[in-house]
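Got the model open in your viewer? Let's walk through it one selection at a time.

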Amino acid sequence: MGGFNPDDFTLRLIAETLFYDEEYEALGNLSLIDTNDLQERYVASYAPEDGIFVIEQATEWEEYEPDQADDIGYALAVDSEEIATYGSAEETAAAMLTLAREHELAPSITLLFEEDEAS
C-alpha cells in the first residue's frame, strides 16, 4: 500500500463535493475564490438536466461590502461563462485543482436545492 498522497486526497474531496441527490434535489458545488479581490472566480457543479459537470468562469459580481450581516467573505458571481464540461466528477475535480493552483484560489463549498435555483 502506498503512502498518503495529498493530491489524490484533494481530488477525491473535490469530486465528492460535486454531487447530486435526486431524492432531495440537492446539488453540491465548488467555488474558487480570489482571496485578494474577494470574488468568486470559478464555479463547478453537476447539471442534472444534461447529465454533465460544468465549470463556469465569473464575469460579473454582486456589490460586496465586507462585514455586512450576511457576509460570506467574498462577492458572489451574478453572471458567468461556461468554459468547460466533463463527463465525470473526477475530471472536473482535476480541472478545478489545476485552476486553483494556477490562479492561487481558495475553495468554498455550497449546497443548493433545485427549488432555490428557480427563484
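Start by selecting Phe19: because its relative accessibility is 34%, Phe19 counts as partly exposed. Keep in mind as you look around that this is a predicted model. You'll find Phe19 in the loop between α1 (6-17) and β1 (20-21). Now add Tyr24, Leu111 and Phe113 to your selection: with Phe19 they make up a nonpolar patch on the surface, and together the four have about 400 Å² of accessible area.

Next, go inside. Which residues have the most contacts within the largest nonpolar core? Pick out Leu32, Tyr42, Ile55 and Met96, in a core that has 19 residues. Color α1, β2 (26-34), β3, β4 and α2 (89-103), since each of these supplies at least two residues of this core. The largest share comes from α2, with seven residues. As background, nonpolar side chains in soluble globular proteins tend to be buried together.

Stay with Leu32 for a moment and show what surrounds it. Beyond its neighbours within four places in sequence, Leu32 is in contact with a list of residues that includes Tyr42, Met96, Leu99, Ala100 and Leu105. Arg41 is on that list too, so let's hop there next.

Arg41 is found in strand β3 (residues 39-47). Show side chains and look for Gln39: a polar contact of 3.0 Å joins its side chain to that of Arg41. Leaving out residues up to four places away in sequence, Arg41 touches Leu32, Asp34, Glu56, Gln57, Ala58, Trp61 and Leu105.

Now slide over to Thr59, in strand β4 (residues 52-61). Is Thr59 buried, exposed or something in between? Its relative accessibility is 42%, so Thr59 counts as partly exposed. Not counting residues up to four places away in sequence, Thr59 touches Asp79, Ser80 and Glu81. If your viewer has a distance tool, try it from Thr59 to Pro107: their C-alpha atoms are separated by 18 Å, and the two residues are 48 apart along the chain.

Last stop: Ser108, which lies in strand β6 (residues 106-113). Ser108 has a relative accessible area of 15%, so it is buried. Which side chain makes a polar contact with the side chain of Ser108? Select Tyr74, and you'll see the pair at 2.8 Å. Setting aside neighbours within four places in sequence, Ser108 is also in contact with Asn29, Leu30, Ser31 and Ile33.

Notes: Residues are numbered from 1 along each chain as its sequence is written. This is a predicted model: local features need pLDDT of at least 70, side-chain atom pairs count only at pLDDT 80 or more; totals for chains, interfaces and linings use all residues. Side-chain values use heavy atoms; hydrogens and water are left out. Patches are made of residues with over 30% relative accessible area and no salt bridge: like charges are joined within 9 Å, nonpolar side chains (Val, Leu, Ile, Met, Phe, Trp, Tyr) within 5 Å. Accessible areas come from the Shrake-Rupley method with a 1.4 Å probe; for residues, only the protein chains shown count as cover. A salt bridge is a side-chain nitrogen of Lys or Arg within 4 Å of a carboxyl oxygen of Asp or Glu. Helices (H or I, at least four residues) and strands (E, at least two) are DSSP runs, numbered from the N terminus. Buried means under 20% relative accessible area, exposed over 50%, partly exposed in between (1.4 Å probe, protein chains only). Contact means heavy atoms within 4.5 Å. A polar contact is a pair of N or O atoms within 3.5 Å; within protein, one must be able to donate a hydrogen and the other to accept it, and residues adjacent in sequence count only if both atoms are side-chain atoms. A nonpolar core is a set of buried Ala, Val, Leu, Ile, Met, Phe, Trp, Tyr and Cys residues joined through side-chain atoms within 4.5 Å.
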